[in-house]
Amino acid sequence: MRGVDLFSRTWTALLEAVGNLTAEDFARPSGCTGWLVRDLVCHLVIDAQDVLITLVTPADTAPTRDAVTYWTIDDHEAGGDDPLAALTVRLAAAYQDPALLTFHLDDVGSAAGRAARLADPALRVATQGEVLTAGDYLDAYVLEWTLHHLDLIADLPGAARPPAEGLARARQLIEGIAGGPFPAALPDTDVLLIGTGRRQPDEAQRAALERSGVRYPVALG
(Lines give C-alpha, C1' and ligand atoms only; values in the text may rest on other atoms or scores of the structure.)
Protein backbone atom coordinates (compact mmCIF):
# COMPACT_ATOMS: atom_id res chain seq x y z
CA MET A 1 0.00 0.00 0.00
CA ARG A 2 1.53 3.29 -1.13
CA GLY A 3 0.68 6.78 -2.30
CA VAL A 4 -2.98 7.72 -2.25
CA ASP A 5 -4.23 4.66 -0.34
CA LEU A 6 -1.70 4.94 2.47
CA PHE A 7 -2.10 8.71 2.63
CA SER A 8 -5.85 8.21 3.10
CA ARG A 9 -5.38 5.46 5.69
CA THR A 10 -2.97 7.45 7.87
CA TRP A 11 -4.84 10.74 7.48
CA THR A 12 -8.18 9.18 8.37
CA ALA A 13 -6.64 7.56 11.46
CA LEU A 14 -5.17 10.89 12.55
CA LEU A 15 -8.46 12.74 12.06
CA GLU A 16 -10.25 10.06 14.08
CA ALA A 17 -7.68 10.42 16.86
CA VAL A 18 -8.28 14.17 16.98
CA GLY A 19 -12.03 13.58 16.98
CA ASN A 20 -11.68 11.40 20.08
CA LEU A 21 -9.92 14.10 22.12
CA THR A 22 -11.63 15.62 25.13
CA ALA A 23 -11.57 19.37 25.74
CA GLU A 24 -8.99 18.78 28.49
CA ASP A 25 -6.73 16.86 26.12
CA PHE A 26 -6.09 19.99 24.05
CA ALA A 27 -4.13 21.48 26.96
CA ARG A 28 -1.85 18.45 27.27
CA PRO A 29 1.72 18.55 25.93
CA SER A 30 2.25 17.08 22.49
CA GLY A 31 5.31 15.30 21.17
CA CYS A 32 6.39 18.50 19.37
CA THR A 33 8.74 20.51 21.55
CA GLY A 34 6.96 23.55 22.99
CA TRP A 35 3.57 22.71 21.51
CA LEU A 36 0.38 21.71 23.28
CA VAL A 37 -2.05 19.34 21.59
CA ARG A 38 -4.12 22.34 20.49
CA ASP A 39 -1.08 23.82 18.72
CA LEU A 40 -0.46 20.56 16.91
CA VAL A 41 -4.10 20.33 15.80
CA CYS A 42 -3.89 23.88 14.47
CA HIS A 43 -0.77 22.86 12.55
CA LEU A 44 -2.76 20.00 11.02
CA VAL A 45 -5.30 22.52 9.72
CA ILE A 46 -2.45 24.34 7.97
CA ASP A 47 -1.11 21.03 6.63
CA ALA A 48 -4.52 20.15 5.21
CA GLN A 49 -4.68 23.55 3.50
CA ASP A 50 -1.23 22.93 2.01
CA VAL A 51 -2.38 19.59 0.61
CA LEU A 52 -5.41 21.22 -1.02
CA ILE A 53 -3.32 24.01 -2.51
CA THR A 54 -0.64 21.68 -3.84
CA LEU A 55 -3.04 19.24 -5.48
CA VAL A 56 -4.59 22.07 -7.52
CA THR A 57 -1.22 23.56 -8.51
CA PRO A 58 -0.17 21.57 -11.59
CA ALA A 59 3.35 21.80 -13.00
CA ASP A 60 4.55 21.27 -16.55
CA THR A 61 8.20 20.56 -15.77
CA ALA A 62 9.94 17.35 -14.72
CA PRO A 63 9.83 16.33 -11.04
CA THR A 64 12.68 17.70 -8.93
CA ARG A 65 11.83 15.74 -5.76
CA ASP A 66 10.33 12.42 -4.73
CA ALA A 67 8.77 11.15 -1.49
CA VAL A 68 12.16 11.02 0.26
CA THR A 69 13.88 14.09 -1.17
CA TYR A 70 10.74 16.16 -0.57
CA TRP A 71 11.98 16.41 3.00
CA THR A 72 14.77 18.81 3.89
CA ILE A 73 16.76 19.01 7.10
CA ASP A 74 15.53 21.95 9.19
CA ASP A 75 17.39 23.51 12.11
CA HIS A 76 14.13 24.75 13.69
CA GLU A 77 12.14 22.74 16.20
CA ALA A 78 8.39 23.15 16.57
CA GLY A 79 8.74 25.25 19.69
CA GLY A 80 11.84 27.13 18.59
CA ASP A 81 12.40 30.41 16.75
CA ASP A 82 10.59 29.43 13.56
CA PRO A 83 8.14 32.30 12.84
CA LEU A 84 5.54 29.90 11.42
CA ALA A 85 5.69 27.79 14.58
CA ALA A 86 5.15 30.89 16.70
CA LEU A 87 2.23 31.95 14.49
CA THR A 88 0.68 28.50 14.84
CA VAL A 89 0.69 28.81 18.63
CA ARG A 90 -1.04 32.21 18.43
CA LEU A 91 -3.63 30.91 15.97
CA ALA A 92 -4.37 27.89 18.16
CA ALA A 93 -4.93 30.11 21.20
CA ALA A 94 -7.32 32.30 19.21
CA TYR A 95 -9.76 29.42 18.77
CA GLN A 96 -10.41 29.37 22.56
CA ASP A 97 -13.06 26.65 22.27
CA PRO A 98 -11.39 23.36 21.22
CA ALA A 99 -14.62 22.34 19.48
CA LEU A 100 -14.12 25.14 16.94
CA LEU A 101 -10.62 23.91 16.17
CA THR A 102 -11.84 20.34 15.78
CA PHE A 103 -14.65 21.51 13.49
CA HIS A 104 -12.21 23.46 11.30
CA LEU A 105 -9.86 20.49 11.01
CA ASP A 106 -12.70 18.12 10.19
CA ASP A 107 -13.97 20.51 7.51
CA VAL A 108 -10.66 21.24 5.81
CA GLY A 109 -9.22 17.80 6.54
CA SER A 110 -12.15 16.00 4.94
CA ALA A 111 -11.71 18.13 1.83
CA ALA A 112 -8.00 17.32 1.71
CA GLY A 113 -8.80 13.62 1.99
CA ARG A 114 -11.29 13.81 -0.89
CA ALA A 115 -8.83 15.75 -3.04
CA ALA A 116 -6.17 13.10 -2.43
CA ARG A 117 -8.51 10.27 -3.44
CA LEU A 118 -9.43 12.11 -6.65
CA ALA A 119 -5.85 12.99 -7.59
CA ASP A 120 -4.08 11.32 -10.50
CA PRO A 121 -0.86 9.89 -8.97
CA ALA A 122 1.01 10.74 -12.19
CA LEU A 123 -0.02 14.40 -12.11
CA ARG A 124 2.93 16.70 -11.54
CA VAL A 125 2.32 19.32 -8.86
CA ALA A 126 4.32 22.28 -7.59
CA THR A 127 5.00 23.16 -3.96
CA GLN A 128 7.67 25.22 -2.21
CA GLY A 129 9.47 25.82 -5.49
CA GLU A 130 9.76 22.09 -6.25
CA VAL A 131 7.88 19.65 -8.51
CA LEU A 132 6.69 16.16 -7.57
CA THR A 133 4.19 13.70 -8.87
CA ALA A 134 1.00 13.78 -6.83
CA GLY A 135 1.68 10.17 -5.87
CA ASP A 136 5.10 11.00 -4.43
CA TYR A 137 3.73 14.10 -2.70
CA LEU A 138 0.98 12.10 -0.99
CA ASP A 139 3.45 9.33 -0.14
CA ALA A 140 5.71 11.90 1.54
CA TYR A 141 2.81 12.97 3.72
CA VAL A 142 2.48 9.48 5.16
CA LEU A 143 5.54 10.41 7.22
CA GLU A 144 3.96 13.71 8.30
CA TRP A 145 0.69 12.11 9.38
CA THR A 146 2.35 9.22 11.18
CA LEU A 147 4.81 11.38 13.09
CA HIS A 148 2.10 13.82 14.11
CA HIS A 149 -0.19 10.97 15.18
CA LEU A 150 2.59 9.90 17.54
CA ASP A 151 2.97 13.53 18.65
CA LEU A 152 -0.75 13.80 19.30
CA ILE A 153 -0.86 10.80 21.63
CA ALA A 154 2.48 11.40 23.36
CA ASP A 155 0.68 12.22 26.64
CA LEU A 156 -2.36 10.03 25.90
CA PRO A 157 -1.20 6.44 26.45
CA GLY A 158 -4.68 4.98 25.95
CA ALA A 159 -5.27 6.60 22.56
CA ALA A 160 -5.33 4.69 19.28
CA ARG A 161 -1.93 4.36 17.62
CA PRO A 162 -1.08 5.07 13.98
CA PRO A 163 -1.77 2.25 11.49
CA ALA A 164 1.01 -0.37 11.35
CA GLU A 165 1.41 0.04 7.59
CA GLY A 166 1.86 3.78 8.05
CA LEU A 167 4.53 3.22 10.68
CA ALA A 168 6.35 0.82 8.35
CA ARG A 169 6.29 3.22 5.40
CA ALA A 170 7.26 6.19 7.57
CA ARG A 171 10.25 4.18 8.77
CA GLN A 172 11.31 3.56 5.17
CA LEU A 173 11.10 7.28 4.45
CA ILE A 174 13.11 8.21 7.55
CA GLU A 175 15.75 5.66 6.59
CA GLY A 176 15.95 7.21 3.13
CA ILE A 177 16.39 10.66 4.65
CA ALA A 178 18.94 9.42 7.18
CA GLY A 179 20.95 7.66 4.50
CA GLY A 180 20.61 4.07 5.66
CA PRO A 181 18.66 1.51 7.66
CA PHE A 182 18.21 1.77 11.39
CA PRO A 183 18.97 -1.37 13.43
CA ALA A 184 16.40 -4.03 12.60
CA ALA A 185 15.78 -4.70 16.29
CA LEU A 186 14.41 -1.17 16.77
CA PRO A 187 10.60 -1.09 16.43
CA ASP A 188 9.16 1.31 13.85
CA THR A 189 7.87 3.70 16.52
CA ASP A 190 11.28 3.93 18.18
CA VAL A 191 12.94 4.56 14.82
CA LEU A 192 10.58 7.45 14.12
CA LEU A 193 10.86 9.03 17.56
CA ILE A 194 14.61 8.57 17.93
CA GLY A 195 15.33 9.29 14.29
CA THR A 196 13.64 12.68 14.49
CA GLY A 197 14.99 13.60 17.92
CA ARG A 198 11.69 13.23 19.72
CA ARG A 199 13.16 10.63 22.06
CA GLN A 200 16.69 9.91 23.24
CA PRO A 201 17.92 6.34 22.75
CA ASP A 202 18.84 4.25 25.75
CA GLU A 203 22.41 2.93 26.07
CA ALA A 204 21.76 -0.28 24.14
CA GLN A 205 19.94 1.57 21.38
CA ARG A 206 22.68 4.18 21.16
CA ALA A 207 25.33 1.50 20.79
CA ALA A 208 23.33 -0.22 18.04
CA LEU A 209 22.84 3.08 16.25
CA GLU A 210 26.54 3.86 16.41
CA ARG A 211 27.33 0.47 14.89
CA SER A 212 24.84 1.07 12.10
CA GLY A 213 26.42 4.41 11.16
CA VAL A 214 23.02 5.90 10.35
CA ARG A 215 22.61 9.65 10.60
CA TYR A 216 20.32 10.74 13.43
CA PRO A 217 18.50 12.71 14.61
CA VAL A 218 17.15 14.54 11.59
CA ALA A 219 14.85 17.57 11.99
CA LEU A 220 12.48 17.66 9.05
CA GLY A 221 11.47 20.82 7.24
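**Exercise 1. Find which residues Thr88 contacts, leaving aside its neighbours within four places in sequence.**

Solution. Leaving aside its neighbours within four places in sequence, Thr88 is in contact (heavy atoms within 4.5 Å) with Trp35, Asp39, Cys42, His43 and Ile46. Thr88 belongs to helix H3; helices (H or I, at least four residues) and strands (E, at least two) are DSSP runs, numbered from the N terminus. With a relative accessibility of 1%, Thr88 counts as buried, where buried means under 20% relative accessible area, exposed over 50%, and partly exposed in between (1.4 Å probe, protein chains only).

The model is predicted: local features need pLDDT of at least 70, side-chain atom pairs count only at pLDDT 80 or more, and totals for chains, interfaces and linings use all residues. Residues are numbered from 1 along each chain as its sequence is written, and side-chain values use heavy atoms, with hydrogens and water left out.

**Exercise 2. Describe how helix H1 and helix H2 cross, and which residues meet.**

Solution. Step one is the geometry. The axes of H1 (residues 3–19) and H2 (residues 37–55) come within 12 Å and cross at roughly 150°. Axes are lines fitted to C-alpha atoms, for helices over the stretch in contact, and angles run from 0 to 180 degrees between N-to-C directions. H1 is therefore roughly antiparallel to H2 (angles under 35 degrees count as roughly parallel, over 145 as roughly antiparallel, 65 to 115 as roughly perpendicular and the rest as oblique).

Step two is the hand. H1 and H2 make a left-handed crossing, meaning that the near helix is turned anticlockwise from the far one by less than a right angle.

Step three is the contact. From H1, Phe7, Trp11, Leu14 and Val18 meet Val41, Leu44, Ala48 and Val51 of H2. The residues of this contact divide into eight nonpolar, no polar and no charged. Ala, Val, Leu, Ile, Met, Phe, Trp, Tyr, Cys and Pro count as nonpolar, Asp, Glu, Lys and Arg as charged, and the others, Gly among them, as polar.

**Exercise 3. Identify the residues that touch the most other members of the largest nonpolar core, and follow Val41 outward.**

Solution. A nonpolar core is a set of buried Ala, Val, Leu, Ile, Met, Phe, Trp, Tyr and Cys residues joined through side-chain atoms within 4.5 Å. The largest one has 60 residues, of which Trp11, Val41, Tyr137, Leu143 and Leu152 touch the most other members. The elements giving two or more residues to this core are H1, H2, H3, H4, H5 (134–152), H6 (164–178) and H7 (188–195). H5 supplies the largest share, ten residues.

Leaving aside neighbours within four places in sequence, Val41 is in contact with Val18, Leu21, Phe26, Leu101, Leu105 and Leu152. Phe26 lies in the loop between H1 and H2 and is buried, at a relative accessible area of 5%.

**Exercise 4. Locate the residues with unusual backbone values: Gln96, Gln128 and Pro217.**

Solution. Most residues other than glycine have a negative phi, and most peptide bonds are trans. Gln96 has a positive phi of about 60°; Gln96 sits in the loop between H3 (83–95) and H4 (98–118) and is exposed at 74% relative accessibility. Gln128 also has a positive phi, of about 55°. Its place is the loop between strand S1 (124–127) and strand S2 (130–133), and Gln128 is exposed with a relative accessible area of 65%. The peptide bond from Tyr216 to Pro217 is cis, with omega near -10°, and Pro217 is in the segment after helix H8 (203–212).
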